[in-house]
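Visitor: Please walk me through this structure. I would like short answers with the reasoning shown.

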Amino acid sequence: MAKQKRQPIGFITISDIHIGHQPIEQIQKEFFDEENGFFAKIYQVAEFCKEEGYVFGGVHITGDYFDHQLSLNSPHAKFAFDLMHAILHITCRLLGSKVTIIQGTRGHDHAQINVFEPFLTEFEDQFVIINTVQEMELYGYKVLCIPEEYMTNQTEYYQEFFEKKYDLILG
């Protein structure tokens, strides 16, 4: 049987954002600067994909979105929500693509990415939160997502995944 040809894909991965580590003004500039910020880069990659006939595969946050456990009434927590909403709005609504966030280390994320669960409904089929190892399909590509998990026997825990082939592994 002939292998089905898939459309080339371009996407952005980012990790180690560490919200709560640096002043809000600094991280705002890193993301929202109109010429050199992260959102400008999203539009650049999406435009490149369009020009080259690629699928824009979205944004995939691969751990440590947070730096430490945040108080919900802190300015950093508000920024974390605002930033995630902006990433989802631009990537999913405006560009029609997908966003994945993968659980990072216990010492940084503290399972706080679950506060974004309400966005799962708003961006249904476009936003995924990964807390445990899982497979997913991304525009015809087989992807393995590996969050930071703490188990006794890694070989046993991941055994079923060792026996398979993937086009992409995010972790």
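The questions below go through the sheets, the helices and a few buried residues of this predicted model.

Visitor: What is the strand order in the open sheet of four strands?

Guide: This is a predicted model. The four strands form an open sheet with parallel pairing. Neighbouring strands are turned by 15° against each other on average, direction ignored. The order is 1-2-3-4.

Visitor: Which strands of that sheet stand at the edges?

Guide: The sheet is open, in the order 1-2-3-4. Each edge strand has a single partner strand, so one side of each is left without a neighbour in the sheet. The edge strands are strand 1 and strand 4.

Visitor: Which residue stands opposite I61 in strand 3?

Guide: I61 is found in strand 2. Strand 2 and strand 3 pair in the parallel sense over three bridges. Opposite I61 in strand 3 stands I101.

Visitor: Is I61 buried or exposed, and at what relative accessible area?

Guide: I61 has contacts beyond its neighbours within four places in sequence, including I14, M84, I87 and T100. Buried means under 20% relative accessible area. I61 is buried, with a value of 0%.

Visitor: How many Å lie between I61 and I17, C-alpha to C-alpha?

Guide: I61 is in contact with I17. In sequence, the two are 44 residues apart. In space, their C-alpha atoms are 8.8 Å apart.

Visitor: Is T62 buried or exposed?

Guide: T62 lies in the loop between strand 2 and helix 3. Leaving aside neighbours within four places in sequence, T62 is in contact with I14, S15, I102, L170 and G171. The cut-off for buried is under 20%. With a relative accessible area of 16%, T62 is buried.

Visitor: What span does helix 2 reach from its first C-alpha to its last?

Guide: Helix 2 covers residues 38–52, which is 15 residues. At 1.5 Å a residue, 21 Å is expected. The span reached is close to that, at 21 Å.

Visitor: Which residues of helix 2 are buried?

Guide: Helix 2 lies across strand 1 and strand 2, running at about 150° to strand 2. What covers its buried residues includes strand 1 (9–14), helix 1 (24–32), strand 2 (55–61) and helix 3 (75–94). The buried residues are F38, F39, A40, I42, A46 and C49.

Visitor: Which residue follows helix 2?

Guide: Helix 2 ends at residue 52 of the run 38–52. The residue that follows has a positive phi, near 80°. That residue is G53.

Visitor: At what angle do the axes of helix 2 and helix 3 cross?

Guide: Two packed helices are described by the angle between their axes and the distance between the axes. Here F38, F39, I42 and Y43 in helix 2 meet L83, A86, I87, I90, T91 and L94 in helix 3. The axes come within 11 Å and cross at roughly 15°. That makes helix 2 roughly parallel to helix 3.

Visitor: What is the handedness of that crossing?

Guide: The axes of helix 2 and helix 3 come within 11 Å. Helix 2 passes helix 3 in a crossing that is right-handed.

Visitor: Which strands does helix 3 lie across?

Guide: Helix 3 has 20 residues and reaches 27 Å, close to the 28 Å expected at 1.5 Å a residue. Helix 3 runs at about 170° to strand 2. The strands it lies across are strand 2, strand 3 and strand 4.

Visitor: What relative accessibility does T91 have?

Guide: T91 lies in helix 3. Not counting residues up to four places away in sequence, T91 touches I42, F56, G58, V59, G96, S97, K98 and V99. T91 counts as buried, at a relative accessibility of 0%.

Visitor: Which strands stand at the edges of the three-strand sheet?

Guide: Three strands form an open sheet in the order 5-6-7, with mixed pairing. Each edge strand has a single partner strand, so one side of each is left without a neighbour in the sheet. The edges are strand 5 (134–138) and strand 7 (168–170).

Visitor: Which residue in the hairpin of strand 5 and strand 6 takes a positive phi?

Guide: Strand 5 and strand 6 (residues 141–145) run antiparallel, joined by five bridges. E137 stands opposite K142 in strand 6, and Q134 stands opposite C145. The hairpin has two residues between the strands. The residue with a positive phi, near 55°, is Y139.

Definitions and conventions. Residues are numbered from 1 along each chain as its sequence is written. This is a predicted model: local features need pLDDT of at least 70, side-chain atom pairs count only at pLDDT 80 or more; totals for chains, interfaces and linings use all residues. Side-chain values use heavy atoms; hydrogens and water are left out. The expected span of a helix is 1.5 Å times one less than its number of residues. Buried means under 20% relative accessible area, exposed over 50%, partly exposed in between (1.4 Å probe, protein chains only). Contact means heavy atoms within 4.5 Å. Two strands pair if DSSP finds at least two bridges between them. Axes are lines fitted to C-alpha atoms, for helices over the stretch in contact, and angles run from 0 to 180 degrees between N-to-C directions. Angles under 35 degrees count as roughly parallel, over 145 as roughly antiparallel, 65 to 115 as roughly perpendicular and the rest as oblique. A crossing is left-handed if the near helix is turned anticlockwise from the far one by less than a right angle, and right-handed if clockwise.
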